[in-house]
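Me: Please pick out a single part of this model and take me through it closely. I would like to follow the side-chain pairing there, together with the backbone setting around it, in one connected account.

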Amino acid sequence: MPQTRPECIASAEFTQDMVETLGTWFEHYATGGVVTVEVTTHGLWLKNPYTKTRQFLGRADAPEEPVAYRPAIDGLDDG
C-alpha cells in the first residue's frame, strides 16, 4: 500500500472548560469508549448515541459573521 500524505478534513478548537465538560460527560456520551464530537458552524456538540440528541460543548472562537440558532425538535428545522 502506498503511503499518502494526510489531508486535514476538519479542525476543532477546545478551551479548558470544554475539555472539562467532555471529561465530565464522557461516560454518558461514549459508545465503546469513544465520544463523537460534531463540528458545526455553530460550535462543537457531543452526540448522544442513545437518545439521538446532542449537547452543546462550546465554541472556542467568535464567528466571523453572526449566526442565528433556533433549536429544533429532533434536529429538524420546520422552516
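Reply: Two strands count as paired when DSSP finds at least two bridges between them, and that criterion matters for the part chosen here, the hairpin and the charged side chains associated with it. The model is a predicted one, and the protein in it has 1 helix and 3 strands, arranged along the sequence in the pattern α-β-β-β.

Strand 2, which covers residues 43-47, pairs with strand 3 in the antiparallel sense over 4 bridges. Within this pairing, Lys47 of strand 2 has Arg54 as its bridge partner in strand 3. The two strands form a hairpin, with 6 residues between them. Lys52 lies in that loop, and its phi is near 65°, a positive value in a residue other than glycine. This deserves a second look because most residues other than glycine have a negative phi. Lys52 is also exposed, because its relative accessible area of 68% is above the 50% cut-off.

The two bridge partners in the hairpin, Lys47 and Arg54, both return when the salt bridges are considered. The structure holds 2 salt bridges. In one of them the side chains of Lys47 and Glu38 meet, with an N to O distance of 3.7 Å. In another, Glu38 pairs with Arg54, and here the closest N and O atoms are 2.5 Å apart. Glu38 belongs to strand 1 (residues 37-40) whereas Arg54 belongs to strand 3 (residues 54-58), so this pair ties together parts that are 16 residues apart in sequence. Through their shared partners, the salt bridges join Glu38, Lys47 and Arg54 into one network. As general background, side chains of opposite charge can pair when their charged atoms come close.

How accessible are the members of this network? Glu38 has a relative accessibility of 21% and therefore counts as partly exposed, given that buried would require a value under 20%. Lys47, at 36% relative accessibility, is partly exposed, and Arg54 is likewise partly exposed, with a relative accessible area of 39%.

For the wider setting, buried residues make up 14% of the 79 residues in the protein. Its accessible surface comes to about 6800 Å², and carbon and sulfur atoms account for 54% of that surface. Among contacts with a separation of 6 or more, residues 24 or more positions apart account for 33%.

Conventions
Residues numbered from 1 in each chain as written. Predicted model: local features only at pLDDT ≥ 70, side-chain atom pairs only at ≥ 80, totals over all residues. Heavy atoms only, no water. Salt bridge = Lys/Arg side-chain N within 4 Å of Asp/Glu carboxyl O. Buried < 20%, exposed > 50% of the residue type's maximum accessible area, 1.4 Å probe, protein only. Contact = heavy atoms within 4.5 Å. Areas by Shrake-Rupley, 256 points an atom, 1.4 Å probe, with all protein chains shown as cover.
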